[in-house]
Amino acid sequence: MSTGFLDAVGQLLPVALASALSSVPITIMILILLSPRRATAALPFLIGSTAGALVVVAAATVIAQAIPGPRPRQDAKIVGVAELVVGCALIGLGIRNWVKRSRSDHAPSLPRWAS
């Protein structure tokens with residue numbers, strides 16, 4: 001195996017581990033297994049999640065091959081300010097959604113596929 005391949009695997013392994021241990025698929029699977037229609041909902045979820053992962057990996061591979069070589073670096077101050085602005089905007093959006101959610105009086109209902 002080439003060193004480039006091992007470097008790529010080393011960089012992708014933490015991301016793969018994080019997505020494999022993500023709580024979203026585990027939560028969805030628990031909801032599916034506890035729902036009355038578990039026999040009809042489990043197989044489509046398995047097929048959809050597998051197909052979706054394959055499509056994302058294939059698209060990322062194709063896009064990564066199209067990325068040109070490194071360019072001269074831009075001023076780091078501009079990039080830093082842009083990252084701070086985007087980060088503050090995302091934090092503000094999260095706080096707004098959290099406050100908006102905590103103000104609602106009714107409990108959220110289960111989605112149709114889980115009932």
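## Pockets and a surface patch: worked exercises

The largest pocket holds about 340 Å³ of space. Lining it are 14 residues, and Leu-12, Val-56, Val-57, Ala-60 and Thr-61 are the closest to its centre. Keep in mind that you're working with a predicted model.

**Exercise 1.** Work out which elements give two or more residues to the lining of the largest pocket, and describe that lining by class.

*Solution.* Start with the helices: α1 (3–20) and α3 (38–66) are the elements that give two or more residues to this lining. Next, sort the lining by class: you get 11 nonpolar and 3 polar residues. Charged residues don't show up in the lining of the largest pocket at all.

**Exercise 2.** Now do the second largest pocket: find its volume, its lining residues and the elements that supply at least two of them.

*Solution.* Volume comes first, and for the second largest pocket that's about 150 Å³. Then list the lining: Val-24, Pro-25, Ile-28, Phe-45, Ser-49 and Ala-53. Map those onto the fold, and α2 (23–34) and α3 each turn out to supply at least two residues. Last, check the classes: 5 nonpolar, 1 polar and, once again, no charged residues.

**Exercise 3.** Head out to the surface and decide whether Phe-5 and Thr-3 are buried, partly exposed or exposed.

*Solution.* Place the residues first: Phe-5 is found in helix α1, and Thr-3 lies in helix α1 too. Then apply the cut-offs: buried is under 20% relative accessible area, exposed is over 50%, and partly exposed falls in between. Phe-5 has a relative accessible area of 45%, so Phe-5 is partly exposed. Thr-3 comes in at 58%, so Thr-3 counts as exposed.

**Exercise 4.** Find the nonpolar surface patch that includes Phe-5, then give the C-alpha separation of Thr-3 and Ala-59.

*Solution.* Phe-5 teams up with Leu-6 and Val-9 in a nonpolar patch, with about 270 Å² of accessible area together. As for the pair, Thr-3 and Ala-59 sit 56 residues apart along the chain, and their C-alpha atoms are separated by 23 Å.

Technical notes
Residues are numbered from 1 along each chain as its sequence is written. This is a predicted model: local features need pLDDT of at least 70, side-chain atom pairs count only at pLDDT 80 or more; totals for chains, interfaces and linings use all residues. Side-chain values use heavy atoms; hydrogens and water are left out. On a 1 Å grid over the protein atoms alone, a cavity is a set of points where a 1.4 Å probe fits but cannot get out, and a pocket is an open set with protein on both sides within 12 Å along at least five of seven lines; lining residues have an atom within 4 Å of a point. Grid points are joined across faces, edges and corners, and a volume is the space filled by probe spheres set on the points. Helices (H or I, at least four residues) and strands (E, at least two) are DSSP runs, numbered from the N terminus. Ala, Val, Leu, Ile, Met, Phe, Trp, Tyr, Cys and Pro count as nonpolar, Asp, Glu, Lys and Arg as charged, and the others, Gly among them, as polar. Patches are made of residues with over 30% relative accessible area and no salt bridge: like charges are joined within 9 Å, nonpolar side chains (Val, Leu, Ile, Met, Phe, Trp, Tyr) within 5 Å. Accessible areas come from the Shrake-Rupley method with a 1.4 Å probe; for residues, only the protein chains shown count as cover. A salt bridge is a side-chain nitrogen of Lys or Arg within 4 Å of a carboxyl oxygen of Asp or Glu. Buried means under 20% relative accessible area, exposed over 50%, partly exposed in between (1.4 Å probe, protein chains only).
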